[in-house]
Amino acid sequence: MQSSLLSLPQQPAPEAMQYAPEPVPTAPYASSTVELGDVKRILVRRRFLILLTAALLTLGALVYGLMTPALYSSVAEILIDPQDLQVVTNDVNPSRVPPDGGITMVESQVSVVQSTGVLLRAIEATNLTEDPEFNGQGGLLGRLLGGVLGSGSAETDSTGKTLDALRRRLAVKRADKVLVLDVIVTAKSADKAAKLANAIAQAYLADQASARAKMATDASDSITARLEEQRKRVQQAENAVEAYKSAHNMVMAAGNLVSDQELTEINTQLSAAQSRTAALKAQVDQLRRSGGAPDATSEAMRSSVISSLRAQEATLVDQVSQLGTELGPRHPSMIAAQQQLRDTRALIARELGRISAAAETDYERALANQQALEAKVAGMKSKSLDTDQASVKLRELQRDLEAVRSVYATYLQRAQETREQINVDSTNARIISNAMPALKKSWPPLPLLVLGALFGGLGLGTALALIAEYSSPTVLSSAQMQSAIDAPVFGVLPAKAGSGRRWWPFGGAAAAAGQKTDAVAGLALRRLFASSRRPPNWPLVPSILLTSPPEDAAHRGRVARLLANAAAARGSRVLLIDTNTGSGKKEQQPGLLDVLRGEYAFEALSQHIPGSNVAVLGRGRQKAVFSEAQGVYFTQHMLAQAGRNFDLVVVDGGALADNLNASPLVAMVDEIVMVATLNSTPMRDVTAASQAISVMGRLPTGALLVDEAA
C-alpha cells in the first residue's frame, strides 16, 4: 500500500492555529492522602484481604484452643497487716504504719512472694523438682533441648528449670485499696495448682518468720558483742572515781562526802541548840523579872510538886480556919494545924527556889553547848572549803560513771529483749483463703480466643489493607484526583447503568442510560465548556479528548459514549472519534489515521447512527508513520470541516502513554479530560498519564471519575 505521505498534495503543511497556553512542566505528583471518608472505599475494595486475614487468625485460634492442653488456676489469699503484732516491745521490726496506710509496704510483698527464697521453699515442700511438668522433662523436645543446652550439675539444672517454670506459672496480684495478695498458680492439674498455691503461701509466711528471727538474732549478736566493751568502760570509770577519792581523802557514804554529811548534821544540832538556849534564856529572864513571886511562872504552874503542895496548903488553910472557929487559937489542934501550914508554905518556897536554880543551870549549860557547836561548825566549814575544788572534778567523774552505767544497762536490757524476740513471730500476716481445686479450666479460653482472633484479624486485615493502599495508592476521592493532576474533577459517574436500560447503541431517551448517569454526564459537559478557554470566534468545532490509564479503557469508552449521548439527547450533533477500535489486529476499514495522513476526508468516513444525532469515526488503517506536523495540520483541517456538520467532537484518545497517534489530537482539542476509576486506578498510572499529556505539550483540563460502588 502506498504511503499516506505520498498521497498528499505536494505542498507544505501550513502552521496549525494554536490558542492553548505554552506547555509547562507538570508539578511533581503529590503524595496520596487518605481521608476518613475514603477508608470505606479502601475496606470495601480490599474486603477479601480483610476477611481472609480474619479467617486465618480465627482458624489458628480455634486450632490452638483445641490442641492446647487445658490449664487450671487456683488462688490463695494472704492478708498482710502493716502493723505487726505487739507481743513484746519490738524495735528490731518496728510496726509504725506509713502515711499511705501501708499500701507501699504491702505492694513490695508482691516481689517477696515471687522471690527465689520463697519459691525454693515451696519447691522443696512439694518436691516439685520431680514433676515432669515443671522440671523441663515433660516432653521429647524438652529432653532434647535439656541435653543440648544443659550445663552444670543435674540437680542444680533441674532446680533452676523448676524455678523458672514455676515463675512462669505464678502470678501475684493485689486489688486496689485492699491489703490482700492473691497468689495465683496455673498447672495442668487442678489439684496440683491448688497444692502449689497453698505451698507458696505457707512458704511466704515461713520466710517472713525466718527473716524476722534472723534480724533479731543478728541484732542480739551485735549488741552482745558490745557488752564486754561497755563493761570495761564502766570498770574504768569506777576505778577513776575511787582513785580520785583516795588521792584527795574523800570518804563517801550514801553517795555523799562524810564531811559534808557531818557538817549538815552539826548544822542541824547547832540550830536545835540555839533554839533551846533562846527558850531557856527567856525562862530565866521571866524568873528574874518575877522577883519574889516565882510561883507565877509557867514552870511553877506546870510543876506537879508545886500543885500538890498548893492543894495541901489550901486544905490546911481551911482546917485552920475551921479549928479557929471551933476551938480557939490556943487549942493544941489549932496550933498543930498552923504549924503544918507553915511547913507546907516553906516547902513551896524551897521548891520554887529549886525551880529557879534549875532554870539558871539549864540556861548556862545550853549556852555552853551552843558555843561549842558554833566552834565546831566554824572548823568544819574551813575544812569544807578546802575540799570544794576537789569535789568539782569528783562530780565530773561521777557523771561520766553514771552515763557509762546507763549505756551498759541499756545494752544489757536490749540484748535480753532481742534474744527473746528470736522465738516470737510478730508478723501480722495470715492466709485468709486456702486455694481450692478449680472446677473450670483457665486456659485456653476458646470462645474468648476465637472472638479475639476474629476481631484481631479484622483489625490486622484493616491495617494490611491500609498499608497495601499506602504502598500502592489508588484514586480515592475527587480532591485527591484534583491534587494529582492540578485540574478540576467535573463529575463522578456510576459504573452501572440503570436497571433494564441500555447505553449502546446511541438512541433516544428511551434507550439512554439511567437518569442519574445522564444527569451527571450532562452536568459534566456544562462544567467543561463553562470553564473553556476557547476564543470567541474560534473556527474549530468544540472538542473533548478523553484519556485514561490502560486498565480503565472500558470505562473510558463508556464515558465517551455517555458524553456523546448526553450532548445528542439535548439536540447537539456529535462526532465520536474512537482511536481504539480494532486495537490489536489489522483494521480493514479506513478511519481517523487515514484522515490524519490526508488520504480521506472525514465526511466520507464518518458513520451516522440511525435515529440519533451521533456520527462515529473509527481508528482506521495503520499503514505508515506520519509526521506530527502533518498530523496536526490535518487534525486542524478535520476539526474546521467538522464545524459545518457537528456541534461537538468527542475523542476517545486511549491511553496516551501507549497511543502516540493521538498526539496531533492532543495539540488541537479544546479539553483534555482524564478518566479514572475510584478506588481502582493506581495513582502512579494517573501520574504517568498526566506526564504523557505534558510531554505532548498540554496539561489535563479536568477529570471524570467512575464509581464502581455506585
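Leu 575 has Val 649 as its bridge partner in β12. The model is predicted.

**Strand β12 and its neighbours**

Leu 575 falls within strand β9, which spans residues 574–578 and runs parallel to β12. Five bridges join β9 to β12. Strand β8, residues 543–547, also runs parallel to β12. Four bridges join β8 to β12. Here Ile 544 stands opposite Val 650 of β12.

| Strand | Residues | Bridges to β12 | Direction relative to β12 |
|---|---|---|---|
| β8 | residues 543–547 | four bridges | parallel |
| β9 | residues 574–578 | five bridges | parallel |

How many residues of β12 are buried? Five of its five, across residues 648–652, so the strand counts as mostly covered under a cut-off of 20% relative accessible area. In a regular strand, side chains alternate between the two faces of the sheet. In β12, one side carries Leu 648, Val 650 and Asp 652. The other side carries Val 649 and Val 651. Both faces are covered, and each of these residues is buried.

**Asn 135 in a loop**

Asn 135 sits in the loop between α4 (116–126) and α5 (140–149). Is Asn 135 buried or exposed? Asn 135 counts as buried because its relative accessibility is 9%, and the cut-off for buried is under 20%.

A polar atom of the Asn 135 side chain lies 3.0 Å from the backbone oxygen of Thr 129. Thr 129 is also one of the residues that Asn 135 touches, leaving aside those up to four places away in sequence. Glu 130, Ser 158, Lys 161 and Thr 162 complete that list.

Notes:
Residues numbered from 1 in each chain as written. Predicted model: local features only at pLDDT ≥ 70, side-chain atom pairs only at ≥ 80, totals over all residues. Heavy atoms only, no water. Buried < 20%, exposed > 50% of the residue type's maximum accessible area, 1.4 Å probe, protein only. Helix = DSSP H or I, 4+ residues; strand = E, 2+ residues; numbered from the N terminus. Pairing = 2+ DSSP bridges. Polar contact = N/O pair within 3.5 Å; in protein donor to acceptor, adjacent residues only side chain to side chain. Contact = heavy atoms within 4.5 Å.
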